[in-house]
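Work through these short exercises with the structure open. Try each task before you read its solution.

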Protein chains: 2
Amino acid sequence: MNPLVEQLLSGSRRAVARLLTMVENEREGVDEALAALFPHTGRAWVIGITGAPGTGKSSLVNALAKALRREGRTVGIIAVDPTSPFTGGAILGDRIRMRDLSGDTGVFIRSMATRGSLGGLARTTRDAIRVLDAAGFDVVLVETVGAGQSEVDIVRTAQTTVVVEAPGLGDDVQAIKAGILEIADVLVVNKADRPGADNTVRALRAMLELGHPVSRRRVIAHHGQLIEAAAPDSQAEPEALWVPPIVKTAATDETGFDELLAALERHYQHLRNGEAAAALERQRIEIELHDRLRQTLLGRLLASVSSDEIARVIERVQARQLDPQQAVQTILAIATSQES
Amino acid sequence: MNPLVEQLLSGSRRAVARLLTMVENEREGVDEALAALFPHTGRAWVIGITGAPGTGKSSLVNALAKALRREGRTVGIIAVDPTSPFTGGAILGDRIRMRDLSGDTGVFIRSMATRGSLGGLARTTRDAIRVLDAAGFDVVLVETVGAGQSEVDIVRTAQTTVVVEAPGLGDDVQAIKAGILEIADVLVVNKADRPGADNTVRALRAMLELGHPVSRRRVIAHHGQLIEAAAPDSQAEPEALWVPPIVKTAATDETGFDELLAALERHYQHLRNGEAAAALERQRIEIELHDRLRQTLLGRLLASVSSDEIARVIERVQARQLDPQQAVQTILAIATSQES
């Protein structure tokens, strides 16, 4: 077996760090290592934390990790940073705040760059979660800056999704809520020591009551690409209805975190009752297989058509001689003629 | 020819509205209509406007449209709203602000829901731009809420990308800037009548100076999926270096918009000098063809493998008997055996 994988499975924190670096930089050998780790995954509780800028997600993750540690659970943290795809490094200074966790071997923190690519973030996050999962962390917290594709990716990788709000962030942010409310299993009004916190709670409650109750599985199917290809029976039995609780926290003085833990725990139990957790995992796997199939199939196709031929088709599209769908058919026809 | 397409090409605003609705709801017949429109596209100047929540993007788009109208140009506006994928409707009340443009037949405004799907937004936006382009609008403004996948999609569809900032939005938003600075052709500090505007300008300038000068074509290649498949020569000659100007505006009293227009115009001329604009379009087409090929190939594959067989593979992954890459190989082997 891969020595790095062996070291990770026997508890080496350094092996965790090295494997995460391999995942992040898509180093050679990472696929083999992940394949070797895969049988050891599936045990961690993955909690996604998302929310608009300014809601204090990072401090909340910090305080939540401490609360989980007090219960004796080990915690892996993946903080997806909105960094530059070119300069590479994380810009957020707020990782420094996490220093007070760093003496504790029961916590592992990794900031990751988003790198901007569509599939890239989802894939890297998914693989990083698997590394921490296989390494035996009880809970994996995944933090992203919300308001975009990132929270959809969280839903696709997390079992429990926390959406963080804060009082007084203005109308534009209110509007975003509409989109992310539906992925929330637990809603947090952070910075609850600020004026207006109760108004925010009321507004969220009103929005929740307005919205239709939606099964989590439908949300995932909706956000996944090519949902029309999903087996119809995979949406058959929606799990029992879960109404997202709203919890007020103040990460600065760590109030509200017992309540938050209790709410998260209730959601975890809810998932484990009945078939919900297994059904969710099936759906996640299906989405992942579709992603991988898409990439593999395109890779094969492009390997069988020369880049000159592709360039000529692109030129004809540019000259408006072909529309994009005709161009696709043309490329597929070239590939078929090569094969025969 | 499709009567709706004919009406659109002869200037009917009602036909524009109906075609956009078809695009948005993926109605039957939309692909044929878009194919018929395609030869009439490629003339509009597409400007993407993005930025974090609270920067006042919508008011800015409003004022920019008015400034373009004063120059005699017709303007189509696509506002991508962060709506709920379930309730469907747009939540943002601020479309109401655009009412003062609505008496003018030289302006066409459409709000579109994001619908949350990975490929969905990119595709819908791209098609909506084509409708407005074929309808003869000189400029198409595409507004999205930033900080996620959406601004990447803008880069992929717009010729000129405007990133909007505002004074005093806090550290979290500052961090986001790092990611979106690199897609900006023009930077706007909106709400410049607020205290701290000059600080924001200085901070942006410092970040620009810190960052490496990056050719726009590299950015697109980087953000595109499967960049490794791009022809190596497509990255060969980066266009002459463009340094994003920083413009201060106040959308409320419309100051700074002459400067903004001038900056946009300079970028447009810059694109037209040399091969930059054509190279950009080639790269956009390549990305689109890859997207479409991926979907088409997966659709074909799934049509040749029964959903029962897929479900069995998923179960084996769930039981950790197969890792995801082995599962992909298994599905491909099933498909191959079906064919022979």
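The exercises cover helix packing, burial and backbone angles.

This is a predicted model: local features need pLDDT of at least 70, side-chain atom pairs count only at pLDDT 80 or more, and totals for chains, interfaces and linings use all residues. Residues are numbered from 1 along each chain as its sequence is written, while chains are lettered from A and ligands numbered from 1 in the order in which they are written.

**Exercise 1.** Describe how helix 11 of chain A packs on helix 12 of chain B.

*Solution.*
- Locate the helices: helix 11 spans residues 276-304 of chain A, and helix 13 spans residues 324-339 of chain B. Helix 12 of chain B covers residues 307-318. Helices (H or I, at least four residues) and strands (E, at least two) are DSSP runs, numbered from the N terminus.
- Take the geometry. Helix 11 of chain A and helix 12 of chain B pack at about 110°, with axes 10 Å apart. Axes are lines fitted to C-alpha atoms, for helices over the stretch in contact, and angles run from 0 to 180 degrees between N-to-C directions.
- Classify the angle. Helix 11 of chain A is therefore roughly perpendicular to helix 12 of chain B (65 to 115 degrees; under 35 is roughly parallel, over 145 roughly antiparallel, the rest oblique).
- List the contacts, meaning C-beta atoms, placed from the backbone, within 7 Å. A:Glu281, A:Arg282, A:Ile285 and A:Glu286 meet B:Ile314, B:Val317 and B:Gln318.

**Exercise 2.** Find which residues join helix 11 of chain A to helix 13 of chain B.

*Solution.*
- On helix 11 of chain A, pick A:Glu288, A:Leu289, A:Arg292, A:Leu293 and A:Thr296.
- On helix 13 of chain B, their partners are B:Pro324, B:Gln325, B:Ala327, B:Val328 and B:Ile331.
- Add the geometry: the angle is about 65°, and the axes lie 10 Å apart.

**Exercise 3.** Is B:Lys191 buried or exposed?

*Solution.*
- Place B:Lys191 in the loop between strand 6 (186-189) and helix 8 (197-210) of chain B.
- Apply the cut-offs: buried means 20 or more other C-beta atoms within 10 Å of the residue's own, exposed 12 or fewer, partly exposed in between; C-beta atoms are placed from the backbone.
- B:Lys191 has 25 such atoms, so it is buried.
- Check the backbone. B:Lys191 has a positive phi of about 55°, although it is not a glycine.

**Exercise 4.** Give the location and phi of A:Glu26.

*Solution.*
- A:Glu26 sits in the loop between helix 2 (13-24) and helix 3 (30-37) of chain A.
- The phi of A:Glu26 is positive, about 50°, and A:Glu26 is not a glycine.
- A:Glu26 has 13 C-beta neighbours inside 10 Å, so it counts as partly exposed.

Conventions. Contact = placed C-beta atoms within 7 Å.
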